[in-house]
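Visitor: Hi! Could you walk me through this model?
Guide: Happy to. Here it is.

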Amino acid sequence: WSSTRVTGRDAIETPLRLDQARAARDGISRMLYGRLFEWLIQRMNERLQLGVGDDVGTRPVIAGEAPLWTPDGGNDRLLGILDISGFESFQVNSLEQLLINLSNEQLQLQFNEAVFKSEIEDCVKEGVELGQTISYADNSDCVVLLDGRGGILDMLDEEIAVPKATDLTFANKVLRAQGRHQRLITPKFYGAAVFGIQHYAATVNYTCDGFLEKNADRLPSDTVADVLLASEMSVLRQVGQCLQEQANSASASGPGAKSKAKSATSRFRTSLRALMGKIGAADTHYVRCIKPNLENVPEEFAAPMVHEQLRYSGVLEAVRIRQQGFSSRIRFKEFLLRYRCVQLLSPSPEPHRPAAEGDEAAARELLTCLQKNVDVAADSGEMVVGKTKVFLKERVVAALEAARARAYLLAVLHGQRLLRGARVRRMLRPVKPLLQNVYSWLIQFCPAKAGAAFLERLQTLGQAEQELLNLTCCLQQVAGTPVGLPIGILQRAAAAHRRLMEEVTALQRLRHLETSIEPEAISAALTAATALALP
């Protein structure tokens, strides 16, 4: 590989050294990867915007050009999913890790502004005093250090235009200009192109070797466009055409025109700012994905690894802020509709009345009742009424949800009691006449004195047999009902049935004595009759 330098009308071609050729190869690879990635995104956006039967263009994206499709360009509905790489900290961290961590810093800053600051502003707007100062790790100074005016990336862009600049001169420039910044970690010994940044998640030491080469977004050789135009792949030919058009436009601007060269970091920062603008204008929802182990196996939980991810992603900080402030903020109407049922736990629940949209009086009245049920002091500051919302802390929310569950349980049990009672009454409806017949029989034929015989009222054996048959039929009908009846009247009827059957059996045996000459049978019959006190 060689480089060509034009001096006047002469072109001097100089072969590259081995390290220069490798650097040119890596630069072309990075350029191709970036351009092809942009081309793929452009094709996807165009395809999403087309109707049936339309065709998409095949022209790749040129750096600096406005895209053909934007979320707010004629499309009022957009669902975007941002899958970002996590915070990176390795043994050796280069420019790639710095840019990735910058994107994470920007997203964390947006998360802070969207969640933490908005919560504090909401309390101020509602006239609610926080009671204690809520603090959170504000990383805006770290973002300014990296991406602000005169920051580290600005100095990196300036350094690539300085003749004979090296990675070491860049690192020394950063340490001189930002050495007193609280986020910048200076090395113990000078002479190495190294500096550290105290990010929101952890401190990362960056090795500046290769920073200038990676940041210089220029072609390794003037013949790269010609090489791509001669490729057999249509996509590479399109990329080569775009490069040639850029070179022609730059030469057409004239020798007196000054244009600031685009760098890899400037393109990344421009794209990142556009992304943050879209996120700031959207209704964001956050999903934190946690990897449980390095082996990618189920049911394995590496606690140190998970703790590190939770800390790096800002989840622990978010939980801490939630614990300090009011974790639940419910409008009056929703508060009344959700927790009014807790009044059922009171000894004498007050009657319910419909909830209006801004019924502050009803919310305060319910809050007074709830403080008794969830054991929260009125002046504890854990349940506060604002102008339009009720502010609750985490402990109170847990207690209210537990009380709500108990109230629902009581309501369910009360409903079950009523339902079961109605079902039993409906099943007993046909049994009532039978029980009335049994009760009438017992009143009519049971002896007045305990232990006395039924024959005191039933004068003949035939009448006793007939009444025994009637009682047996009644008990059989009651026994055939689909519900068991452990009722005292049935127990009395069963005892009366047994006694009457014994008396009838004894009288039948005495009647058989008229024709019997067996002494043993006569003795047994007389003994049974005597035991039953038959008249």
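Visitor: At what angle do helix 12 and helix 14 pack?
Guide: Helix 12 (residues 332–339) and helix 14 (residues 394–428) pack at about 45°, and their axes are 10 Å apart. Axes are lines fitted to C-alpha atoms, for helices over the stretch in contact, and angles run from 0 to 180 degrees between N-to-C directions. Helices (H or I, at least four residues) and strands (E, at least two) are DSSP runs, numbered from the N terminus.

Visitor: Which residues make the contact?
Guide: Phe335, Arg338 and Tyr339 from helix 12, with Leu400, Glu401 and Arg404 from helix 14. Contact means heavy atoms within 4.5 Å.

Visitor: Anything I should know about the model itself?
Guide: This model is predicted: local features need pLDDT of at least 70, side-chain atom pairs count only at pLDDT 80 or more, and totals for chains, interfaces and linings use all residues. Residues are numbered from 1 along each chain as its sequence is written, and side-chain values use heavy atoms, leaving out hydrogens and water.

Visitor: New topic: how many salt bridges are there?
Guide: The structure holds eleven. A salt bridge is a side-chain nitrogen of Lys or Arg within 4 Å of a carboxyl oxygen of Asp or Glu. One of them joins Arg404 and Glu401, with the closest N and O atoms 3.9 Å apart. Both residues lie in helix 14, three residues apart, about one turn of the helix.

Visitor: Is Arg404 buried or exposed?
Guide: Buried, with a relative accessible area of 16%. Glu401, at 27%, counts as partly exposed. Buried means under 20% relative accessible area, exposed over 50%, and partly exposed in between (1.4 Å probe, protein chains only).
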